[in-house]
Every structure is written in structure tokens, then in C-alpha cells.
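Please walk through this structure step by step, beginning with a hairpin and ending with a helix and its surroundings.

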Amino acid sequence: MLGVTTFLTTDIAAIPLLWILPLGLYLLTLVLVFMERSILPHALMDRLLPILVVPIVSLIIFDSRMPPALQIVLHVATFFVATMVCHGELARNKPQPAYLTTFYVCLATGGSLGGLFNAVIAPVAFKTVLEYPLAVVIACLFRPAASSSVSRWTRFMDLLLPVLLGAGAAAMMFAFHGADSKTVAGVLMVFVAPGVVLFGFRRRPLRFAAAVAALMIASSTFMSANEHVVFRSRSFFSVHRVTVDSKIGQRRFVHGGIVHGMQSTNPALRREPTAYFHRSGPAGQIFASVQRKPQLRVGIVGLGIGTLAAYSRAGEDWTFFEIDPGVVEIARDPHYFTYLSDSPAHVDVVLGDARLKLADTSDRRFDFLVLDAFSSDAIPMHLLTGEALDLYARKLSETGVLMFHISSRYVELKQVLADAGMTHGLVCFERDDLKLTEGDIANGKFASRWLVMVRGGEQMKELANDTRWEHVLPRAGRPIWTDDFSNLLSVFKWRG
């Protein structure tokens, strides 16, 4: 359950409340398998599992372009059936009533150990979300065998055939890669043929599980040789990758499934802000406006690779707040990114939760405060509440500017922020910079959405007179989000 939840929210889509779906299905399977009269036969679940696992293997080992919604449905359906099979085996082997207490204690202990493995051991031991593929392999291995009596030759073939399948699949991946993998022959040899062979092993649980593992190892070998990942790590918060695209001369920082920053490898361009922070975008426009004031004091919640430091000037004081030590390690290493080391300003990086660390700073500390905190594609909600806005307002100077990066595929946050800003006399403006030209894309610009809060004065007049910015009016009578109350469903983009 924890493995599929982490995989879905990290590699597929960081959708709010998505974790509820695997949890609910997990609990439902326990109810279903221990019913006196089962409504989903165990034999049916056992037959369905290999059918679902075959496409799931392709989704896990290849960078699928399948719509996220369909991927989620397939992964969740496979999780449900696999859990029904495993829990069904538990129910079939349930002991006599005299031993039920021990049985359920063992069941609870196993669940606790699984949770400990996923929450504590896996983030330290693995650099990717490896616990999910492992769980898929183990679920396939625990399927009931047709016969417990098999020859040594059969056992030998249970191991040899998966090895041959993995080796053959790896050879086909290297033979048909890039554009060749999209040809008819490439699709047949790389995708279809291994899946057909894998499905043919379904009657032997050991052989089938070993074949699933072999295909995943083959894919991992191929991806490592072709993806050009120069650094990979995993922390409590997410999986991080630094990749290099030598064709276009860029390094990219990928956090979960989202690119959180990139930098040109051309020394003449490496101080240019890219991605969501491009000079022609909302971030560049606001920095050009606020930097009319000399010796600016800037606070930024969320480090990324430190791209915004490209706007820093000598004599300025910049403070980044970042909760993930893995991100700090990457941003500070000039072998990967140099925005921090190239900055002419005094730059400090404060490690820890931004709200707690901001509370320790003096009031009126910043002239410009930027909220750019993401975990993959999700924005931490505790940074958007009324209490958080109260903190930001106290830390801003009288003429200070507050800016939020609100690009998200799943939630619409401008109205929530406008409602909270109203209580502090802050006027809100939002700019969508979503229509990019081919030239913008070639220059490394990403589509983005930004919201700015000001108390008034020249900055408010400037934004009000700029047709690119929308004045977001607060809604009368609507409850403000607080640390005790928020309603994610009300801001979810149901139609994308």
C-alpha cells in the first residue's frame, strides 16, 4: 500500500488526497476476504493478477506517455487485485479459533514491519521508489501454485527462463532505442514480445515473479546507460535526479516527476534564469520592478537549484528556506548547478520548515518574499493558510512585495490566497504565462502562473495598469483556510 502510494504521488501525479484511494482499497480487501461468503472468488483474483501485471511492468520500467489518469487506474486496479490475492491466502490459511489472537498479532506485526520498511529503510536504502516494484514481484511470488510437487528440472527452468527473457529484452531495448522503438518492429520486439512471453509464465508463480524481476532489471540497465543521469538520490521528501542533455546543453533537476529547475551548460548563459523563472515571465517582470530599490532584502521559500539567485545583485541580502537537505546538497554543488555560487549577493540557505524558520527572523526583515515551495507537483498547504499569511505579512517591510508560484496541474489556488490576503490589506494580482512560442521553449522557458500581493503604492498601480495581470478580488463571506481548516476538494481542477 505504501509503495504504490509513494510511486503514484512521486512518479505519476502528486494529486492531493490521492493517498486515500490505496488506503481505502487496502482496508476493503481485508473486509472482503474475511467475509463468510466471498463476493470476489479467490481463484478469479489469482487469474486476473497476471493479466494486470503484464501492462503494469511496462508502465513501471518504461517512461510511459499514457495519460496519468489511466496509469493511476491500472496501478490501483493491480494493487487491489494483488492485495486480494495476498490477503486471500491469509484468509485461506487462517488457523483454528483458539489461535486467532496469535494470528492477528502476527498480521498486525507484519503490517508494522512493512510500514517501517517503507517509511524508514527504503528512503535510505534505495535511490528510487524501488519498494513498489519489489512489492509487485513479491505479490506475484505469493500466488498459489498449481502443484507443490515439482522436479528439479522445473525448478531450474523457473530461474533459467526468466534470466533468458531479461537478457533478450535488454538486447532488444539496445537494438531498438530512440526513434526505432516507435516503429512496428520496435514495438513488437521491445514491448509486445516480452509481455507475451511473461504472460506465458503465469501458471508458475516463481517463474512469473522471476520474469517480472528480470524485465525490471533489464530496463534499469538500459535506462542507466541512456538516460544520462549524473546524480540520483532520495530523501524523506522525494526522489531527486540531475540529468544532462548534451544536445541542447542543459542540466535539469527533477524532483519526483517534475522538472524543478534547469541551467545552461554554456558558461555565457549559465547565469540566465530559465524554466518558470525566465526574465520574460512573471517572475522576471516582478524582480525588475522591485529591484528599483537598492540593496534589496529577499527571502525565498523553496530552493530548487537556486535559479532565482540569477536575479541577485551585489550588496543585496538573500535568504533561501529549504526543508530538504538533499535539495540543498544539489543546489550548492557547482558540479551540477552554479546559481548559488555565481551570485554576487550575500546568499544564505536556511535548512528547515520555512514557517518555523521564518518565525525566528525579525519582523519587517524582507523587502521581497517569494513562495516557491513544491514537493513534486504539490504545494504544501500549511504555507497557504491564514496563519501563514499573517507570518509573511509581519516579515515584510511596509512597502514589501509577496509573490507566490502557483503553477499546478491539479489545484487552483489564486482565490484561496486572495481571500487570505484580504485580512491583511493585501491586494492580489495573478498572471498566467501559459502560451509559449517555439522561441520561448528553445530558450528554456516553462509555462507558469504567479500571484503577487502588495499593500498598495506604485507597485499596485503598475500591476493594475498591466493587462497581463488579473486583479483577483476576495470573496465575501467565504471561510479563510487555517491550520485547522482547508478544503482541497473546493480548489481541485476536476477537468484539468
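**From a hairpin to an enclosed helix**

In the hairpin formed by β2 and β3, four residues lie between the strands, and G249 adopts a positive phi near 70°. This, like everything that follows, is read from a predicted model. The two strands of the hairpin, β2 (residues 239–245) and β3 (residues 250–255), run antiparallel and are joined by six bridges, with V244 having R251 in β3 as its bridge partner. On from there, β3 also pairs with β4 (residues 258–264), again in the antiparallel sense and over six bridges, and here R252 stands opposite M262 in β4.

The hairpin belongs to a chain with 17 helices and twelve strands, whose C-alpha atoms fill a box of roughly 85 × 55 × 35 Å along the principal axes. Of its 496 residues, 48% count as buried, and among contacts between residues at least 6 apart in sequence, 73% join residues at least 24 apart. The accessible surface comes to about 24,100 Å², with 62% of that area belonging to carbon and sulfur atoms. The chain carries 47 positive and 41 negative side chains, and the centres of these two sets lie 7 Å apart.

Another part of the chain holds an open sheet of eight strands, arranged in the order β7-β6-β5-β8-β9-β11-β10-β12 with mixed pairing. Its edges are β7 (346–351) and β12, each of which pairs on one side only, and the twist from one strand to the next averages 20°. At the β12 edge, β10 and β12 pair in the antiparallel sense over three bridges, and E430 has E470 in β12 as its bridge partner. Helix α14 packs on this sheet, where it touches β8 (366–371), β9 and β11, and its direction makes about 135° with that of β9.

Helix α15 lies across β9, β10, β11 and β12, running at about 5° to β11. Which residues of α15 are buried? They are K414, V416, L417, A418, D419, A420 and G421, where buried means under 20% relative accessible area. Because seven of the nine residues of α15 (residues 414–422) are buried, the helix is largely enclosed by the rest of the structure. The elements against which these buried residues pack are α14 (386–395), β9 (396–405), β10 (427–433), β11 (448–454) and β12 (470–472), so that the surroundings of α15 include both a helix and strands of the sheet.

Methods: Residues numbered from 1 in each chain as written. Predicted model: local features only at pLDDT ≥ 70, side-chain atom pairs only at ≥ 80, totals over all residues. Heavy atoms only, no water. Buried < 20%, exposed > 50% of the residue type's maximum accessible area, 1.4 Å probe, protein only. Contact = heavy atoms within 4.5 Å. Areas by Shrake-Rupley, 256 points an atom, 1.4 Å probe, with all protein chains shown as cover. Lys, Arg positive; Asp, Glu negative; His and termini not counted. Charge placed at Lys NZ, Arg CZ, Asp CG, Glu CD. Pairing = 2+ DSSP bridges. Axes fitted to C-alpha atoms, helices over the stretch in contact; angles between N-to-C directions.
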